[in-house]
Protein chains: 2
Amino acid sequence: MGQTNPPFMSGVPELLLLRLLEQREMYGYELVKAIRLVTSEAIALGEGVVYPVLHSLEAGGALRSKRKKVDGRTRVYYTLSTKGKKRLDRLQIEWQRIQSGVSAALEAPDNA
Amino acid sequence: MGQTNPPFMSGVPELLLLRLLEQREMYGYELVKAIRLVTSEAIALGEGVVYPVLHSLEAGGALRSKRKKVDGRTRVYYTLSTKGKKRLDRLQIEWQRIQSGVSAALEAPDNA
DNA sequence: CCGACATACCTAGTACTACGAGGTATATAT
DNA sequence: ATATATACCTCGTAGTACTAGGTATGTCGG
């Protein structure tokens, strides 16, 4: 019996990270703030969420990382791999489906 | 320190169930099919998801149930309580926030 | 100089959800 | 008789997201 499907609405943090990294290479701490910014504070992921997701994405081959030293501090920059781009596409379609499904349910008229 | 916030994007099954029960009283098996229907197959929750959520909602006072015998089979009908209505409102606002946040992130232009 | 704060990384442990698989029982259709 | 649809249920698992911590460096104010 095949693979276990992931919970159908999870992976939003993953989606956001992949999407941001599609636009330009960024490092973890920067991503934490970028998510707040781009979502107008609607979504605020802590470092305890972001770092583990980045690590698991890298472990899965969706991201590649390189360390850079800037002002004496070490930053770990992440870039999207081909695999990561595919993963992003899949997650985006998935999200679209869920989003439209929920919208349909919420907007459904009270058929009296 | 205070209460633990639930994972920010969870509760979609809960949201859908509460929303459907806001419109009319329904029983579990009926809800399973109604969700498929109203979401145009975009979301398909199994009985293993629906029943436990119904039970926990009832335990939390959001739903009330009454058993009815129809054609020799027993159905458990659920209705929304005042508490349930409030919970629905909260979840709906929460969803709206997440949804618009994700949309903003996905639609953000690649600022070259 | 020292404390506070921002930057920048990390992990452990927990809580909760959603899910699949299975199990019971009755009615209906073949 | 057998299969399918109805209608309920629970157990065990997987996996996510979250809080709370911990390390280390640079900078700014007093």
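# A guided tour from a salt bridge to two DNA strands

Select A:Glu22 and A:Lys85, whose side chains form a salt bridge with N and O 2.9 Å apart; the term denotes a side-chain nitrogen of Lys or Arg within 4 Å of a carboxyl oxygen of Asp or Glu. A:Glu22 belongs to helix H1 of chain A and A:Lys85 to helix H4 of chain A, so the pair links parts that are 63 residues apart in sequence. Over all chains, the structure holds 16 salt bridges.

The model is predicted: local features need pLDDT of at least 70 and side-chain atom pairs count only at pLDDT 80 or more, while totals for chains, interfaces and linings use all residues. Residues are numbered from 1 along each chain as its sequence is written, chains are lettered from A and ligands numbered from 1 in the order in which they are written, and side-chain values use heavy atoms, with hydrogens and water left out.

**The two protein chains**

Next, display chain A and chain B together. A turn of 180 degrees with a shift of 0.0 Å along the axis lays chain A on chain B with an RMSD of 0.0 Å (least-squares superposition on the C-alpha atoms of residues with pLDDT of at least 70 in both). The two copies are therefore related as by a two-fold rotation axis.

Now select the interface, where 30 residues of chain A are in contact with 29 residues of chain B (heavy atoms within 4.5 Å). Of the interface residues of chain A, 97% are also interface residues in chain B, so the copies meet through the same surface. Between them the chains bury about 2800 Å², 69% of it on carbon and sulfur atoms; this is the accessible area (1.4 Å probe) that two parts lose on being put together, summed over both. Highlight A:Arg19, A:Trp95 and A:Leu106, which supply 21% of the area that chain A buries against chain B, more than any other three residues.

Across this interface the rule finds zero salt bridges.

**DNA strand C**

Which residues are closest to DNA strand C? They are A:Phe8, A:Tyr29, A:Lys33, A:Glu47 and A:Arg75, among 27 residues that surround the strand (a residue is near if one of its heavy atoms lies within 4 Å). Sugar and phosphate make up 69% of the atoms of DNA strand C that come within 4 Å of the protein.

Select A:Glu47 to find a polar side-chain atom 2.6 Å from a base nitrogen of DNA strand C. For A:Tyr51, a polar side-chain atom lies 3.0 Å from a phosphate oxygen of the strand, and for A:His55 the corresponding distance to a phosphate oxygen is 3.1 Å. H3(A) contributes the most to the surface near DNA strand C, with five residues.

**DNA strand D**

Finally, move to DNA strand D. Its 27 surrounding residues include B:Phe8, B:Tyr27, B:Tyr29, B:Lys33 and B:Arg75 as the closest. Here too, select individual residues:

- B:Tyr27: a side-chain N or O atom is 2.6 Å from a phosphate oxygen of DNA strand D.
- B:Tyr29: a backbone N or O atom is 2.5 Å from a phosphate oxygen of DNA strand D.
- B:Lys33: a side-chain N or O atom is 2.4 Å from a phosphate oxygen of DNA strand D.

H3(B) provides the largest share of the surface near DNA strand D, five residues.

Note on methods:
Polar contact = N/O pair within 3.5 Å; in protein donor to acceptor, adjacent residues only side chain to side chain. Helix = DSSP H or I, 4+ residues; strand = E, 2+ residues; numbered from the N terminus.
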